[in-house]
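Morning, everyone. I have one structure to go through today, so please have a look at it before I start.

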Amino acid sequence: MKLKAAIRYQAVELVQSAAVFCLIIGAIIAAVALIGLTKGAYLSVPNMGFLPYFLMPLLALSTFQGDIRFLMQMGLTRPQVIASTVASLGAAYLFLGLVEAACVILVSFWPQMQSLYLMSYGLSNGPALDFLFMALGCAATSGAGLAFAALQMRFGTRRVVLACAALVLVGLTILTNVEGAAWAFAGTMFWLLGFGEGASLANPFLLFAVVTALGVLVAWAAVRRIEVR
């Protein structure tokens, strides 16, 4: 019962945050469309399609760091805290996926100008795959955010940030100094995202699923030794 109560508590909070986000973005898009109509031109804000993927890691960071002590004081174990957070984040990214699919179906200009998936992979794929892409993509970024939050609480902000910066620096050094490394990296990412010869449309979905699983695994491993005072 404690776990169910925790999931309800976190899920309601996260879905409400996602709903407010959607209302704000919807108001911006509506305002831009209205300005376009009044001026006799068509205006669009296609970069809005990227924003949900940035929202989810922020929600993961805020809910985990803000609620872990509260949930453990309620009597939840560490694995239950992870389970509650993952389930609640799942409710939020499924909500974003449903909103995306509804916009694709109901808003005529959405697939051409707002849907990241349909703009990238073609309009013939339809709202079902668009929903899955949005949901899994947001799951991947929220998994990464959850892992970062858990590592931050386990080792401290400075150590985690410095470690991430060092990894980025090492990666950039390899890409810029090892012959062919940049092209190999770009080609691999291109293939993983489902583009290029021999690539499958399933690749990005599998990539998102793997990143999500790794993020949750890292968070679970890190949270086992977090000191809650």
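A word of caution before the details: this is a predicted model.

I'll begin with the pockets. The largest pocket holds about 350 Å³ of space. Its lining has 17 residues, and the closest to the pocket's centre are Tyr53, Leu116, Phe133, Leu193 and Phe208. Which helices supply at least two residues each to this lining? They are helix 2, residues 51-73, helix 5, residues 116-121, and also helix 6 and helix 9. Sorted by class, the lining of the largest pocket comes out as 14 nonpolar and three polar residues, with no charged ones.

Next, the second largest pocket, with about 280 Å³ of space. Here 13 residues form the lining, and Ala144, Ala147, Phe148, Leu151 and Cys164 lie nearest the centre. At least two lining residues come from each of helix 6, helix 7, which is 157-177, and helix 9. By class, the second largest pocket is lined by twelve nonpolar residues and one polar residue, and again there are no charged ones.

You will have heard helix 6 and helix 9 mentioned for both pockets. So how do these two pack against each other? Helix 6 covers residues 126-155 and helix 9 covers residues 203-223; their axes are 8 Å apart, at an angle of about 25 degrees. Angles under 35 degrees count as roughly parallel, so helix 6 is roughly parallel to helix 9. The two helices make a left-handed crossing. In their contact there are 17 nonpolar residues, four polar and one charged.

That's it from me.

Definitions and conventions
Residues numbered from 1 in each chain as written. Predicted model: local features only at pLDDT ≥ 70, side-chain atom pairs only at ≥ 80, totals over all residues. Heavy atoms only, no water. Axes fitted to C-alpha atoms, helices over the stretch in contact; angles between N-to-C directions. Helix = DSSP H or I, 4+ residues; strand = E, 2+ residues; numbered from the N terminus. Parallel < 35°, antiparallel > 145°, perpendicular 65-115°, else oblique. Left-handed = near helix turned anticlockwise from the far one by under 90°. Nonpolar A, V, L, I, M, F, W, Y, C, P; charged D, E, K, R; others polar. 1 Å grid on protein atoms, 1.4 Å probe; cavity = no way out; pocket = protein on both sides within 12 Å on 5 of 7 lines; lining within 4 Å. Points joined across faces, edges and corners; volume = space filled by probe spheres on them.
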